[in-house]
Each structure stands twice: as C-alpha cells, then as structure tokens.
Amino acid sequence: MNIRRRSLALLLVGLVLGACSGAGTAPSVASRPSPSAGPVTTPEQAIARVIAAEPRLAGIQPFDPNLIGQASWYQVTPASGVGAFVVKVRVGWGDCPAGCISEHVWQFAVLPDGTVTKQSDTGEVVPPEAWPSPGQPGASGQDGANGLRITVGAGPTCPVEQANNPCPPNPVAGAVIVIRDSNGNQKGEVRSGADGMAVIDLPAGEYVLEPQPVQGMMGMAKPMSVTVGDGGPTEVTILYDTGIR
C-alpha cells in the first residue's frame, strides 16, 4: 500500500510539474532518500531535505524579488493534492548585479516521507566559488560565521614530486566527516562536494574530526583535533592516501 501511495504521489507531482512548465514530455527522474528523519509538512522542511541531499547548497536563501543581484535562491511550492512540495533552486554567477551571466537551475519534488526526487537539472557546471556555502553572506563557512571550512584531498598523485612537476592532491568527493566535541558527542556530519569542499557552522570550541572510509583509498584519513574560534571559519585540510608510491 505504501509503495502504491508513493508511486501515485510521484505521478501526481510529475503531472503538476508538466502542467506548470507546459512540457510535452516528462523530465528524467533520479531519486535519492534524504538522510534526515521524520515527515515533511512545511516548505522549510522541504528545502532542508534538498540541502541534505546536496550539501553544497547549504546557506542558500529564499528568492527575494526586491533583492537586486541575488545570485542564488530557492522557491518552494506545494504540489496540490498530494502533500508534496516542488523546490526550484538557482545558482548564478558572473556579474549578478546585472542579472548573472551564467546559471544552473534544479527542480526537485519532496514527498511527505522525505524522499527527494530531482525533476530537472539544467545549466552550466557550477564553479567552486559560486556555490552558496562559500559565497552567500552569513552562510556556513563565510567570514563572520564560526565553523569549519574543510578541504578534502587525496595524495600522492605521482610517485615522485619534483620542482618542475608538482603533484598536488586531488579533491575527494563524497567523503563523510563526523564531527565530535571534546566529550565525544557527535555535533555534526558533512560530506565533501565535487570540489572536495565541505562547510559547517559550529560554536567556538574544541572538536575532533573523524574521516570515514572512501572507496578507492587505501584507508581512512587520520582523525584530527581542531579549535574553532570566533570571528570566522577555521580552515582545515584532510588528506586520504591514494597508495601511489
């Protein structure tokens, strides 16, 4: 019965999206469950599920028609009759006070049980500096906000590093970092994006970062202790071993 209800909900959401866009064919659908728990009944919960599925959107703000040059924003619309939400997300970059030269736009359906379904994905590849996390005022990892800005890499990338042939680490995508306080209590968890970056807001204090296994690496990166201070993010680099010797 639950499977039938979910299938019906997805079908109805697709019909709603098709009616709104006027498209003749249904968009491709790729579903992934959100790691958050509990039902989704509000727009705030819907965008939270989308951000949980794509952490690089952390810090994105709602669309403000009175804000000139807003590079990144989201809009949440209830899907009539099915208890779901349609979430549109836009990330723009390049002279945004004049309207942004480039943009990437996603559209998601968020079902009442929290399932996030990507309905469409269009636009140019988002450069690392354009994601909301490092670019939005007051967002996670932004100057003035306490927390961590984590760079996850893997090395070495060649057997011998030379002055004329440096071997910088490659970014590691999808690395999960568990964050604990000095008493061992878990205070958060982040996942690195395609650029190897992850950000999280945290109160000032002492923390331990516990990198989790990443497929293709020889082993886990070592846990490390960090101190988060006031007045801005703390930069941290975590390195996994590629096994290249």
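**Exercise 1. Find which residues of the largest nonpolar core touch the most other members, and which strands supply the core.**

Step 1. Start with the term: a nonpolar core is a set of buried Ala, Val, Leu, Ile, Met, Phe, Trp, Tyr and Cys residues joined through side-chain atoms within 4.5 Å. Buried means under 20% relative accessible area, exposed over 50%, and partly exposed in between (1.4 Å probe, protein chains only).

Step 2. The largest core has 21 residues; L148, I150, I179, L209, I238 and Y240 touch the most other members.

Step 3. At least two core residues come from each of β6 (147–155), β8 (176–181), β10 (197–201), β11 (205–211), β12 (224–228) and β13 (233–241). Strand β6 gives the largest share, 4 residues. Strands (E, at least two residues) and helices (H or I, at least four) are DSSP runs, numbered from the N terminus.

Step 4. Another core lies apart from this one. That second core has 20 residues, including A46, I47, L57 and I60.

The model is predicted: local features need pLDDT of at least 70, side-chain atom pairs count only at pLDDT 80 or more, and totals for chains, interfaces and linings use all residues. Residues are numbered from 1 along each chain as its sequence is written, and side-chain values use heavy atoms, leaving out hydrogens and water.

**Exercise 2. Work out the strand order of the open sheet and name its edges.**

Step 1. Two strands pair if DSSP finds at least two bridges between them.

Step 2. The order of the 4 strands is β9-β8-β11-β12, with antiparallel pairing.

Step 3. β9 (186–191) and β12 each have a single partner strand, so they stand at the edges, with one side left without a neighbour in the sheet.

Step 4. Look at one pairing: β8 and β11 run antiparallel and are joined by 5 bridges. R180 stands opposite V208 in β11.

**Exercise 3. Describe the aromatic pair of F63 and W73.**

Step 1. Rings of Phe, Tyr and Trp (its six-membered ring) pair if their centres lie within 6.5 Å; planes under 30 degrees apart count as stacked, over 60 as edge-to-face and the rest as tilted.

Step 2. The structure holds 2 aromatic pairs. In the F63–W73 pair, the centres are 5.0 Å apart and the planes meet at 65°, which is edge-to-face.

Step 3. F63 lies in the loop between α2 (43–53) and β2 (72–79), and W73 in β2, so the pair ties together parts 10 residues apart in sequence.

Step 4. Check the burial. F63 is partly exposed, at 38% relative accessibility. W73 is buried, at 11%.
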